[in-house]
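Visitor: Please show me how to read a structure like this one.

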Amino acid sequence: MGAQIAFWIFAIVTLGSALAAACARKIVHSAFALMATFFGVAGIYAILGSDFLAVTQVLVYVGGILILICFGVLLTDRVPDEYKVAQPRRWLPAAVAAGLSAVALLGALQATKWPVAAAPAAAESTVEEIGRSFMTSYLIPFEFASILLLVVLVGAARMARGGTR
Amino acid sequence: MREGLTNLLSGLPQWLQDIALPVLFGLIPAVIIVLGVVTPVGLVGIWGERRIAGKIQDRVGPDRVGISLGPIKSRLFGLGQSVADGVKLLGKEDFIPPGGLGLMFLCAPLVVFAGALALFAALPFGPALWAADPNLGIFYLLSVGALEVLGVLMAGWSSNNKWSLLGAMREVAQVISYEIPMAIAALCPVLLAGSMKMSSIVADQTNGLDLWGLHIAAPEATALGWNLFAAFPFNIIAFVVFYICALAALKRAPFDLPECESELVAGFLTEYSGMRWSLFFLGEYAAMWAMSGIATVLWLGGWTGPLHGFLAGVDVGPIPGGVFFGTLAFVVKTTILFLLMIQIRWTLPRLRLDQVMSLCYKYLIPAAMLCMLASGAAALLASGGAGS
């Protein structure tokens with residue numbers, strides 16, 4: 001019961017702020033409405049027992065990506081107003097695209113067979129299992145991700161130093 | 001008490017009980033622990049800062065404002081300054097800059113304060129004295145720092161003022177950079193304890209000194225089990241790196257570039273006045289104390305150490321001695337780190353922006369990485385080699 005109430009609170013926060021992010025007239029308002037969306041999604045992860053995923057969501061999306069988005073908005077303040085303000089003139093194509101996506105998602109939801117597993121006995125941490133999986137079954141994807149990040153780091157350093165060297 | 005309340009509530013419908021019990025036994029005590037600590041820490045912190053600044057820099061006022069009623073004269077340890085400050089802040093105009101971003105301007109201090117408050121949620125004050133002790137303790141504490149950055153960004157943007165915006169951009173660049181060495185340094189105790197749970201990290205620091213696979217058993221009271229001395233001398237370096245990063249993340253001098261009175265008026269705080277301005281400062285002092293507390297838990301044994309080790313058996317009235325002296329030890333250690341932050345602020349001059357960045361990327365990150373490698377090696381040696 002308590003978990004259900006919490007779920008509904010987080011669901012309302014997530015959906016409401018996502019709607020606000022989509023409909024806000026100013027791009028800065030959209031960016032900060034996205035903050036509430038990310039927190040709401042993190043809360044839903046926490047209710048579902050994925051504590052690691054919840055904290056990672058906050059660390060990566062709120063602490064990293066959202067701040068980068070805001071930084072981008074701050075730096076592009078000089079763009080003309082017509083790009084800064086979202087205008088609802090293309091509502092028909094948007095509605096069609098949103099409707100088709102919704103139909104596809106609902107179809108996928110109906111078609112998928114959801115495996116039902118017994119809930120874990122106690123609220124135990126998922127960290128150890130994730131760490132073990134990274135170092136055994138998913139070692140190659142994990143290493144690929146690290147190489148990708150290393151390449152990005154080197155590339156960013158190269159670009160920051162200027163093109164002549 | 002718990003059973004009595006449960007019986008009292010048993011007359012209510014089941015769904016109401018399902019809501020009321022977690023609120024009564026979970027939420028309300030957690031809120032009391034958190035708010036009962038944050039507000040006094042903020043108030044005492046501001047008073048301490050004014051007084052220490054007055055002493056160090058010979059500022060007339062904050063260290064001696066008291067009462068003078070005819071023959072009764074007392075400096076009252078400068079407490080009069082806090083009263084005067086409070087009256088002044090209450091009397092200030094509540095200004096909202098024009099520009100159409102009033103809501104963001106009003107929310108920004110709340111977001112910053114919420115970020116500071118969230119740090120206290122997973123901070124263990126003493127044995128079994130915490131609002132929550134999640135398995136991901138330190139990971140959670142490192143992640144909620146993002147709220148403060150966002151709050152400052154909101155403040156800087158919605159102030160509609162170039163000084164505020166410059167201050168906010170400096171804050172973001174600085175805090176994001178210093179999060180990296182801070183997280184890497186915090187990994188050292190996590191590696192040594194093999195857990196991110198704050199209570200496990202503390203419990204790991206009671207059983208003597210581990211020196212590169214050589215275990216020296218020592219009682220808790222000698223404090224040799226503290227992570228500070230593990231993998232000697234690398235965790236001392238990690239502790240210093242973490243402390244410097246905490247100063248930078250809290251934008252305390254010498255890293256107070258986001259405020260920087262001499263260049264940016266007051267940075268992101270320029271347009272704020274009155275109680276909204278003081279909410280930023282309450283949040284700053286609360287976050288300072290919480291950061292000192294995190295450093296205490298990670299390297300200085302949390303509530304363990306001489307005080308707890310010697311006096312755990314001596315009960316103080318109804319309070320068990322372990323809880324009383326453990327909490328006292330934690331508060332003393334944390335407050336020493338907190339006072340050191342204040343002293344550093346009034347002693348060192350401000351760094352330049354490029355110096356701040358090169359300190360982080362060229363010195364602190366490599367040092368933190370070296371410490372992490374050394375701690376990992378020490379943990380591996382202590383556990384008896386690879387594969388265990």
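Guide: We go through the fold, the chain contacts and one helix.

Guide: This is a predicted model, where local features need pLDDT of at least 70, side-chain atom pairs count only at pLDDT 80 or more, and totals for chains, interfaces and linings use all residues. Residues are numbered from 1 along each chain as its sequence is written, while chains are lettered from A and ligands numbered from 1 in the order in which they are written.

Visitor: How many helices and strands does the secondary structure of chain A have?

Guide: Helices (H or I, at least four residues) and strands (E, at least two) are DSSP runs, numbered from the N terminus. Chain A has 7 helices and 0 strands. Its pattern along the sequence is α-α-α-α-α-α-α.

Visitor: How many residues of chain B are in contact with chain A?

Guide: Contact means that two C-beta atoms, placed from the backbone, lie within 7 Å. Here 23 residues of chain B touch 20 residues of chain A. On that side of chain B, H6(B) gives the most, with 6 residues.

Visitor: What span should helix H3 of chain A have?

Guide: The expected span is 1.5 Å times one less than the number of residues. H3 of chain A (residues 51-75) has 25 residues, so 36 Å is expected; its end C-alpha atoms are 34 Å apart, which agrees.

Visitor: Where is the kink in H3(A) centred?

Guide: The bend at a residue is the angle between axes fitted to the seven residues ending there and the seven starting there. H3(A) has a kink of about 30°, centred on Leu66(A).
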